[in-house]
Amino acid sequence: MQVLQVQLEVGPDPAEVGRARRWARKRLAGSGIGDDEPLAETLVLLISELVTNAVVHTGCPAVLRMLFAAEGGVRVEVADSSDRPPRPRHAAGEDTNGRGLELVDGLADRWGWQPEGRGKSIWCEVDRTPAVALPGEGVGSPGQVRC
């Protein structure tokens, strides 16, 4: 399995989340994943959530990595220097935060975390597989995200 990895250092400032999204869009386009593909939108949302969690909840710099497998899957990793494990929360109806890891769980095919150096890395993976047509329906576009 051949993999291409790119990475971006992210400062401990919530404004860095927008920069990470713009950077990711360029890297996705460079890998052949069009900006208008559902896969690109899903990956940018996942990146936004993971980078936001890193900079807001740890106050530490982070490193965003995207790994592109030859088979088309994409792995996103966000590493930070905090050794505190991620804590999924369940937001109430009117809460304005606390849904990040729930979104990651719902959108990614797989996700998890692991210790990395003195900190940790939170990762998620999205497979790039065509949608399977149900009887009586057309086939989804290539690159459509399976949720």
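These legends go with a set of close-up views of one predicted model.

**View 1. Five strands lined up in an open sheet.**
The sheet has five strands, laid out in the order 1-2-3-5-4, with antiparallel pairing. Strand 1 (3–10) and strand 4 (110–116) sit at the edges, and each of them pairs on one side only. On average, neighbouring strands of this sheet are turned by 20° against each other, direction ignored.

**View 2. Two helices on the sheet.**
Helix 1 packs on the sheet and touches strand 1 and strand 2 (62–69). The direction of helix 1 makes about 160° with that of strand 1. Helix 2 packs on the sheet as well, touching strand 1, strand 2, strand 3 and strand 5. Against strand 3, the direction of helix 2 makes about 10°.

**View 3. Where helix 1 meets helix 2.**
Here we look at helix 1 (residues 16–30) packed against helix 2 (residues 38–58), at an angle of about 145° and with the axes 9 Å apart. From helix 1, the contact takes in Val17, Ala20, Arg21, Ala24, Arg25 and Leu28. Helix 2 brings Ala40, Glu41, Leu43, Val44, Ile47, Ser48, Val51, Thr52 and Val55. Sorted by class, that contact comes to ten nonpolar, two polar and three charged residues. As for handedness, helix 1 passes helix 2 in a right-handed crossing.

**View 4. Arg25 and its two acidic partners.**
Side chains of opposite charge can pair when their charged atoms come close. Arg25 forms a salt bridge with Asp35, with the closest N and O atoms 2.7 Å apart. This pair links distant parts of the chain, since Arg25 belongs to helix 1 while Asp35 is in the loop between helix 1 and helix 2, ten residues apart. Arg25 also forms a salt bridge with Glu41, and there the closest N and O atoms are 3.2 Å apart. Glu41 lies in helix 2 and Arg25 in helix 1, so this salt bridge ties together parts that are 16 residues apart in sequence. How open are these side chains? Arg25 has a relative accessible area of 29%, so it counts as partly exposed. Asp35 is partly exposed too, at 45% relative accessibility, and Glu41 is partly exposed at 41%.

**View 5. A buried salt bridge between two strands.**
Glu125 forms a salt bridge with Arg75, the closest N and O atoms being 2.7 Å apart. Glu125 lies in strand 5 (residues 119–126) and Arg75 in strand 3 (residues 74–80), so the pair ties together parts that are 50 residues apart in sequence. Both Glu125 and Arg75 are buried. These two also belong to a network of salt bridges that links Arg65, Arg75, Glu77, Arg110, Glu116, Glu125 and Asp127. Across the whole structure, a search finds eleven salt bridges.

**View 6. Strand 3 and the strands beside it.**
Seven of the seven residues of strand 3 are buried, so this strand is largely enclosed by the rest of the structure. In a regular strand the side chains alternate between the two faces of the sheet. In strand 3, Val74, Val76, Val78 and Asp80 point one way, while Arg75, Glu77 and Ala79 point the other way. On one pairing, seven bridges join strand 2 to strand 3, and the two run antiparallel; Leu67 has Arg75 in strand 3 as its bridge partner. Strand 3 also pairs with strand 5 in the antiparallel sense, over seven bridges, and Glu77 has Trp123 in strand 5 as its bridge partner. Have a look at the hairpin of strand 2 and strand 3 while you're here: four residues lie between the strands, and Gly72 takes a positive phi near 110°.

**View 7. Strand 4 against strand 5.**
Strand 4 and strand 5 pair in the antiparallel sense over seven bridges. Which residue of strand 5 is the bridge partner of Arg110? That would be Glu125, a buried residue.

**View 8. Asn53 and its surroundings.**
Asn53 is found in helix 2. Is this residue buried or exposed? Asn53 has 17% relative accessibility, and buried means under 20%, so it counts as buried. Leaving aside neighbours within four places in sequence, Asn53 is in contact with Thr58 and Leu101. Asn53 and Gly100 are 47 residues apart in sequence, but C-alpha to C-alpha they are 7.4 Å apart in space.

Definitions and conventions: Residues numbered from 1 in each chain as written. Predicted model: local features only at pLDDT ≥ 70, side-chain atom pairs only at ≥ 80, totals over all residues. Heavy atoms only, no water. Axes fitted to C-alpha atoms, helices over the stretch in contact; angles between N-to-C directions. Left-handed = near helix turned anticlockwise from the far one by under 90°. Contact = heavy atoms within 4.5 Å. Nonpolar A, V, L, I, M, F, W, Y, C, P; charged D, E, K, R; others polar. Salt bridge = Lys/Arg side-chain N within 4 Å of Asp/Glu carboxyl O. Buried < 20%, exposed > 50% of the residue type's maximum accessible area, 1.4 Å probe, protein only. Pairing = 2+ DSSP bridges.
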